[in-house]
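The following paragraphs lead the reader through a single chain and its ligand. They begin with the surroundings of the ligand and end with two details of the backbone.

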Amino acid sequence: MVTPPGKRDPAAQEREYAHQRALMVDRHVAARGVKDPRVLDAMREVPRHLFVPSVIAAKAYGRGALPIGSKQTISQPYIVARMIELLDLSGNEKVLEIGTGTGYQAVVLSKLSAKVFSIERLNELALRAAELIRELKIYNVTVKVFDGTYGWSDHAPFDRIIVAAAAPEVPEPLVQQLARTGKMVIPIGSEKSQRLARVIRVGTGIQIEDCGTAEFVPLVGRFGWKE
Ligand code: SAH
């Protein structure tokens, strides 16, 4: 007998999603060059379908970015994995994330670090993300609504900073809040042309490593693009 859609056994549904997640990681993440086994495992674990709007849950494990409302997008799985791999997390770090969006990347980060502080400028996205993070019983992620280009000075310095929106240049407050031996991953550039940058502090300045092309929504704020 065919089970009608929506009436499927929840455990079977969960197994099906886990299977799709494993395929997503193989085809769209590992096959494109992400190697860190901890990153791959975390992405096999986090239920990405719960983070996207329910009408497009079926597309959650595809290769693309998806709309999440408020003109924003959840990045494609490969980009999330690549940026997190570039952070070189060992599990003990305090991480600052700018651009909570759905909270998906924050939850992947929560599996790979000690504590995640995540800032989102849009209230409705932050609220939804915080609620889902609570439902998933993730206790090492804190979300706040603010302009993330200011960073989060109360909790600085951060061992790692990850920015999920593209800035015209590296926002100075984020450099100030990066630990001396820390690393920051941030897309730099305009809506049309962006590069993924890995930033480290060297003396009083910074050193930027180019990590390829990127395609992000704009980082809008005092030290980002103007509204
Ligand atoms: N990491 C998210 C996707 C982020 S999309 C996820 O996993 O779903 C980029 C997000 O950055 C958007 O939600 C956008 O509202 C937010 N954003 C843009 N400028 C910002 C700023 N100055 N401070 C905080 N969030 C910002």
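Strand S2 makes the largest contribution to the shell around the ligand, supplying 3 residues. The model is predicted, and its chain has an average pLDDT of 95, with 97% of the residues scoring at least 70. Among the elements of the chain, S2 has the lowest mean pLDDT, at 95, whereas S3 has the highest, at 99.

S2, which spans 72-74, is one of several elements that each provide at least two residues of the shell; the others are strand S3 (94-98), helix H4 (104-110) and strand S4 (115-120). In total, 25 residues surround the ligand, and those that come nearest are Thr102, Glu120, Asp147, Gly148 and Val220. By character, the residues of the shell comprise 12 that are nonpolar, 9 that are polar and 4 that are charged.

Two of the nearest residues, Asp147 and Gly148, also take part in polar contacts with the ligand. In the case of Asp147, an N or O atom of the side chain lies 3.0 Å from a nitrogen atom of the ligand. Gly148 contributes through its backbone, a polar atom of which is 2.8 Å from a ligand nitrogen atom. A further contact involves Gly99, where the distance between a polar backbone atom and a nitrogen atom of the ligand is 3.1 Å.

How much of the ligand's accessible area does the protein cover? On its own, the ligand has 580 Å² of accessible area, and the protein covers 99% of it. The site that holds the ligand is the largest pocket.

The backbone deserves attention at two positions. As a general background, most peptide bonds are trans, and most residues other than glycine have a negative phi. The peptide bond from Ala156 to Pro157, however, is cis, and its omega is near 0°. Pro157 belongs to the loop that lies between strand S5 (141-145) and strand S6 (158-163).

The second position is Ser70, a residue other than glycine whose phi is positive, with a value near 55°. Where along the chain is Ser70 placed? Ser70 lies in the loop between strand S1 (66-69) and S2, and S2 is the strand that gives the most residues to the shell around the ligand.

Methods. Residues numbered from 1 in each chain as written. Predicted model: local features only at pLDDT ≥ 70, side-chain atom pairs only at ≥ 80, totals over all residues. Heavy atoms only, no water. Near = heavy atom within 4 Å. Polar contact = N/O pair within 3.5 Å; in protein donor to acceptor, adjacent residues only side chain to side chain. Areas by Shrake-Rupley, 256 points an atom, 1.4 Å probe, with all protein chains shown as cover. 1 Å grid on protein atoms, 1.4 Å probe; cavity = no way out; pocket = protein on both sides within 12 Å on 5 of 7 lines; lining within 4 Å. Sits in = over half its atoms within 2 Å of the grid points. Helix = DSSP H or I, 4+ residues; strand = E, 2+ residues; numbered from the N terminus. Nonpolar A, V, L, I, M, F, W, Y, C, P; charged D, E, K, R; others polar. pLDDT = per-residue confidence, 0-100.
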